[in-house]
Amino acid sequence: MNTLRLYCRSMAMLMKSQLQYPLSFLMQTLAQLVMEGGELMAVILLIDRFDRVNQWGPGDLYFFFGLMSVSFYLTEIFGRGLTGNFPSMVRNGQLDTLMLRPRGILTQVLCSGADPRRIACIAVGTVSLIMGSRISGITWSPLKALMMAESVFFSFWLILGLFMVEAILTIHSVKSIELANTLTYGGRSACEYPSDIYPRPLRVLFTVIAPFALVMHVPASIILDKPLFGWPVWTGLVTPLAGVVLFGVMYLLFRKAMKYYRSTGN
């Protein structure tokens, strides 16, 4: 509980520090809005060129895009310390000082960074979700709302777990390994669309190794009344658990990797 309180206080201070220069924050937030709006524009152009992609209509594609945007950028707001600060901490030796403090390394790393500018990307994702819901004619029910909330919640842990892959590789190599970005940022770009439109190797990648399909696509397809792989409705409540399972595995590997950490001596 003390750890959670410490994390909340750190996030509050980081958010407050970002808002000390409101004009700078506003300009950077607008830049994020333009960038994410450009990605939504790519989906609109795709829909304008093709009426359908496999079984998925325009509204369905908006819905998948929105779900990914909201989940991914929500994680980036609160997990920025892991994906943005950790590699430099290893290189400049700052991680050594964290090891002297009476708190967990992961907790301190997460408390070191936040990126509230991503709220603009979340806003674009929310608009896309609303557009997708209306165009697809989704009939919302308590079960579908629960499925949606569960998908976003466990997507947070899935993406945080994938960010830890880069952290683990950085401990062993000192420098950040861009290969890890194929699972995180590459996965975000690819899985803005349902996984069944890709060839089998990519479907396996995003179902087994980086299970975006299980955490996002299966529940989203059931909400859209077009179950992916023909799976029953209850799977939309179970498969998102893959997100927290992957985070748990990555957390254990992170702890093991820290045993092999050697200071850079800076």
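## Exercises on a predicted all-helix chain

The protein chain carries 22 positive and 14 negative side chains, with the centres of the two sets 11 Å apart. The model is predicted, so please keep that in mind as you work.

**Exercise 1.** Work out what the radius of gyration says about the overall form of the protein chain.

*Solution.* Start with the elements: the chain has 12 helices and 0 strands. Next, take the extents, as the C-alpha trace spans about 55 × 40 × 35 Å along its principal axes. Then compare: a compact globule with 266 residues would have a radius of gyration near 18 Å, and the chain has 19 Å, so the two agree. Finally, look at the contacts: among those between residues at least 6 apart in sequence, 79% join residues at least 24 apart.

**Exercise 2.** Decide whether K144 is buried or exposed, and find its contacts.

*Solution.* First locate K144, which lies in helix α7 (residues 142–173). Its relative accessible area is 11%; buried means under 20%, so K144 is buried. Leaving out residues up to four places away in sequence, K144 touches I138, T139, I222, I223 and D225.

**Exercise 3.** Describe the backbone and surroundings of N54 and F229, beginning with phi.

*Solution.* Recall that most residues other than glycine have a negative phi. N54 has a positive phi, near 55°, and F229 has one of about 60°. Now place them: N54 sits in the loop between α2 (22–49) and α3 (58–92), while F229 is in the loop between α10 (212–223) and α11 (235–238). Last, check accessibility: N54 is exposed because its relative value is 52%, and F229, at 39%, is partly exposed.

Terms used:
Residues numbered from 1 in each chain as written. Predicted model: local features only at pLDDT ≥ 70, side-chain atom pairs only at ≥ 80, totals over all residues. Heavy atoms only, no water. Helix = DSSP H or I, 4+ residues; strand = E, 2+ residues; numbered from the N terminus. Buried < 20%, exposed > 50% of the residue type's maximum accessible area, 1.4 Å probe, protein only. Contact = heavy atoms within 4.5 Å. Rg over C-alpha atoms; globule rule 2.2 N^0.38 Å. Lys, Arg positive; Asp, Glu negative; His and termini not counted. Charge placed at Lys NZ, Arg CZ, Asp CG, Glu CD.
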